[in-house]
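Please look through the model shown here with the explanation below at hand. The text goes chain by chain and then turns to the contacts between chains.

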Amino acid sequence: MTLLQVSDLRASYGPVSVLHGLDFFVDAGEIVVLLGANGAGKTTTLRAVCQMDMVSVSGEVIFDRRSLVGLRPEAVVKLGIGHVPQGRGTFPELTVEENLTIGAYVRRDGKVGDDVDHWLEVFPRLGDRRAQTAGSLSGGEQQMLAVARALMCRPKLLLLDEPSLGLAPLIIQDLFRRFAQLNQELGTTMLIVEQNANLALSIADRAYVIETGEIVLSGGAAEVQSDDAVRRAYLGF
Amino acid sequence: MPKIIEKGSPAHRLWQVIGYGGIAVLIIWIATTQPDFRVQRFSAVAALAVAVLGLNLVIGYSGQISLGHSAFFGLGAYTSAILVSDYGWPFYATLPVSLLFGGVVGFIIGLPALRIRGLYLALVTLALAIAFPSIAKISQLSDLTGGANGKTVDSFRTWEAPGWLPFDVNSDGWRFLVVCITGAVLFLVASNVIRSRVGRALLALRDNETGAAVSGVYPAGWKTSAFAVSAGFAAVGGSLQVLAIPVVGPDTGGFVVAIELITGLVIGGIATISGAVLGGLAIVWLPELTKSWGGYLPLFSESDAPLLANAAYGILLIAVVFVMPGGVVWFIRFVRSKLVRFQPRLPAASSAPEDAPVPAVMAGTVPQAQGGETA
Amino acid sequence: MHLVLAFPGVNDGFFNTSFVLQLLANGFANGAIYALMALTVVIIYRTTGHLNFAQGEMATMGCFLVFAASVERGIPYWLAIPGVMVISLLFGAIIERGLVRPIERRSGLGVVILTLGLFLILNAFTAAIWGTESVTATKPFPSSPGDQFVILDGPPRFFVRYSTIGIWLVLGLVVLALWALLQRTKLGLAYRAVASNRESSLLVGIPVGRMLMLGWGLSAAIGTLAAVLTAQKAGTMDFNLMATVLLYGFAAAALGGFDSVKGAVVGGVIVGLAEALIPQFFSFIGTELSLVMALFVILIVLLVRPQGLFGTKRVERV
């Protein structure tokens, strides 16, 4: 079933229009990759879906049969979307544990503590540092923390904005392996925005390519990966 | 449909002559016909306008906040007062001293300010304004500064207009003219600086520091210099003020004046030259206006006039920030642009319309037949 | 003009224990109030990066409301003070939502101008409503001449007034309550999250706008409390009650670090003690110049170590 359906999405920062009518969808349980160069509009797309304040959004964004356009960002989170922003977006002054706890802000059940412990186990490097401030962690650890934090609200859809940015290759491999694992074990649907195309495509089901605010290519991951234009532009061939 | 006038054209020149000429006539009229107390007020307007101009250099053009320019204003006033009344200097000679002194102190304050962010600069300069009266009252310095009582410069009151003037003015009127002429010179200098490379560098710095640095405009030197120059301007303003109203006291450089300068700047228009004059007018005449309203408003009594002035300043500040962030000058220009627009002279359009791209700035002037986009 | 060297100016009475203790006690009491004001500065600064130059006037107005309720109408303090604090909280929240929020998106300078304008308006209105004359102060703590603990008999005596102890207690309670709120509640965690990373707070579902309103509201409430205590200590109050106190609060916040609660308390105490002690060492510094001293504290701290004693590095210009 289609979890996220986006039609004719237009977004702008003030007078500057960045997205000129995007159409894409994400089915439940899928990993979908959005490829694009710098400035193509990838981050804007994610922000537009989440209805963040700095972007003005028009078009249709249907999530789990609810329309998102015009909702407050808090409401979007409550509906079940987790967002790992570009650059990690951890809370540097809060401890690892607090980062995770606050990730579950919208939840009202009492199991938050259990989840915190769970993720600290799943990511042992975080577990070792549970009382350290997030700002003192390495890039890779912060990325894991950011992902775990986003998962704390038990989202149906996880948005990831360039998770590989600034990380060493080995770390990136480990990271994407975990993404695939989460997708398999938890069934978490993922929409991953990336410049580092190869690795992302290798774990994805489908992919879109976005250029200057428009989708120029879409298809199965393998299909997109073997497309000549994509290979030249994004895969370094 | 606004009428387009090319800059540098005879029509433009005529407009300028009427404008500036009108102001000159107005100034002479004030000097010759108005009663002393009112002439003094207008002198204060001119002096404050110079100080506001200085403040504008710092806030409007180089993007730093200073809540304490009154300290430089007071410094200049004291400098001139002391040099003239205690050491017998001629007034004009004190102006460069004032400028220099203000500039040096401004440099000293501005240099370390580079290390701290805008808001902190606001705090430090505010501290300066609040400290000034206390410093002026230091008993050890009171021989020089007159302590809490300040100084009066009686010799100014004996100034007489020179014989070669085609019209008759008394002492206050003549000093008013001197203040205006000095102010006009400074405005001219400022105006030219702003339009020059220096001005553009400052604006670049204000809007995007990293970008400016990459273009070779190094923040440190420019910002400090801007601060120093603006402090110098404020100091000269203070000197002019003491010429017009020959009294200076510890509060001349204090918090109230600092607020007045900011208010004048914001109301007149940040990053405009002419706004400084409007600002000066606002500072001086607002309390006069509110005095007469004193009795009519429910909460305020007659004697609360200075309070009402403060309340009015406050309301105006907030209103301007919301409604007219560019100040009154911006608003005037906006209205004027509906009637008349001044365009720089443009190179002749090429014969083949497709060659020349249509820049947005020409949107209002390109004949519709070209089919260009109207911005 | 001649400079007076420091040590010849030392007050001779300085070497008397009782005198010194009295000075310290006084300094601590003032310090407690400065600490409270510094807290108001820090609470707003942490989440918004703004300084509220009108905080003092808001506090003064709150104090006058307490005055109107308690001194004029006889409502007991334990009712009036919390009541007015709630009103202050609402007022602060409304200011944030209605005036600051629309402007801060456009320009940071605009917010500075805004709070300056607010300063002028509130100052004028307080004077308009209650007059410019001094009135007897609000005195929640008993303050007749006998209400004190005499610790060392004279001369000079060292005594600690009940009200002084009261002020310390209030500071302690406020700090404790604030600590508990920030470190032990979900709301507090959310608040700290907003202070740490506003964008991520949005992504996690925190209603950031409401947190900002809370910050301004809390500041206003604590400010009112500080004003009431200031009035108690001074004995009389007028519409300029908090103008200088706010400045000392800024100095304390600068010293302690603009985004540190601990720093606010430590900074406040240091400023209070400095104000009490320094004039004793340098006799040419009268009370006028102790204000200048506060200002030099600000200047020097910001130049030498902008993040103060306990603030984070982020506070400094990059």
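**Helices, burial and contacts**

Chain C has 11 helices and four strands. The model is a predicted one. Of the 318 residues in chain C, 53% count as buried. Contacts in this chain often link distant parts of the sequence: among those between residues at least 6 apart, 74% join residues at least 24 apart.

One helix of chain C can be checked for length. Helix α10, residues 261-281 of chain C, has 21 residues, and the distance from its first C-alpha to its last is 30 Å, close to the 30 Å expected at 1.5 Å a residue. There is nevertheless a bend of about 30° in α10(C), located at C:Glu275. A proline, C:Pro279, follows within four residues of that point.

Chain B can be described in the same terms. It contains 15 helices and four strands. Its 375 residues include 46% that are buried. Among contacts in chain B between residues at least 6 apart in sequence, those joining residues at least 24 apart make up 75%.

Helix α5 of chain B covers residues 118-136. Its 19 residues reach 27 Å from first C-alpha to last, close to the 27 Å expected at 1.5 Å a residue. Where does α5(B) bend? The bend, of about 30°, is at B:Ile130, and the proline B:Pro133 follows within four residues. α5(B) is also mostly covered, with 16 of its 19 residues buried.

Helix α8 of chain B, residues 171-195, gives another length check. Its 25 residues should span 36 Å at 1.5 Å a residue, and because its end C-alpha atoms are 36 Å apart, the two values agree. Several residues of α8(B) are buried, among them B:Asp172, B:Arg175, B:Phe176, B:Leu177, B:Cys180, B:Leu186 and B:Ala190.

The next step is to see how helices of chain B pack against one another. Two packed helices are described by the angle between their axes and the distance between the axes. Helix α12 of chain B (residues 255-268) takes part in two such pairs, described here in turn.

In the first pair, α12(B) packs with helix α15 of chain B (residues 327-337). The angle is about 15° and the axes are 3 Å apart. Angles under 35 degrees count as roughly parallel, and α12(B) and α15(B) are therefore roughly parallel to each other. On the α12(B) side the contact is made by B:Val266, B:Ile267 and B:Gly268, and on the α15(B) side by B:Gly327, B:Val328 and B:Val329. These residues divide into four nonpolar, two polar and no charged.

In the second pair, α12(B) meets helix α2 of chain B (residues 36-61). How are these two helices placed relative to each other? Their axes come within 9 Å and cross at roughly 75°. An angle from 65 to 115 degrees counts as roughly perpendicular, and α2(B) and α12(B) are therefore roughly perpendicular to each other. α2(B) contributes B:Leu48, B:Ala51, B:Val52, B:Leu55, B:Asn56 and B:Ile59 to the contact, while α12(B) contributes B:Leu261, B:Gly264, B:Leu265 and B:Gly268. Seven of the contact residues are nonpolar, three are polar and none is charged. B:Gly268 is listed in the contact with α15(B) and in the contact with α2(B).

The contacts between chains come next. Where chain C touches chain B, 35 residues come from chain C and 38 residues from chain B. On the chain C side, α4 (108-130), α9 (243-256) and α11 (287-304) each supply at least two residues. The largest share, 17 residues, comes from α4(C). By class, this side of chain C has 28 nonpolar, five polar and two charged residues.

Chain C also touches chain A, in a contact that takes 15 residues from chain C and 20 residues from chain A. The elements of chain C that give two or more residues to this side are α6 (186-196) and α7 (198-204). Its residues divide into eight nonpolar, five polar and two charged.

A single residue, C:Ser196, can be followed further. C:Ser196 is found in helix α6 of chain C. Is C:Ser196 buried or exposed? C:Ser196 counts as buried because it has 25 C-beta neighbours inside 10 Å. Leaving aside its neighbours within four places in sequence, C:Ser196 is in contact with A:Phe91, A:Pro92, A:Glu93 and A:Leu94. C:Ser196 lies 105 residues from C:Val301 in sequence and 23 Å from it in space, C-alpha to C-alpha.

Conventions: Residues are numbered from 1 along each chain as its sequence is written. Chains are lettered from A and ligands numbered from 1 in the order in which they are written. This is a predicted model: local features need pLDDT of at least 70, side-chain atom pairs count only at pLDDT 80 or more; totals for chains, interfaces and linings use all residues. The expected span of a helix is 1.5 Å times one less than its number of residues. A residue is buried if 20 or more other C-beta atoms lie within 10 Å of its own, exposed if 12 or fewer, and partly exposed in between; C-beta atoms are placed from the backbone. Axes are lines fitted to C-alpha atoms, for helices over the stretch in contact, and angles run from 0 to 180 degrees between N-to-C directions. Angles under 35 degrees count as roughly parallel, over 145 as roughly antiparallel, 65 to 115 as roughly perpendicular and the rest as oblique. Two residues are in contact if their C-beta atoms, placed from the backbone, lie within 7 Å. Ala, Val, Leu, Ile, Met, Phe, Trp, Tyr, Cys and Pro count as nonpolar, Asp, Glu, Lys and Arg as charged, and the others, Gly among them, as polar. The bend at a residue is the angle between axes fitted to the seven residues ending there and the seven starting there.
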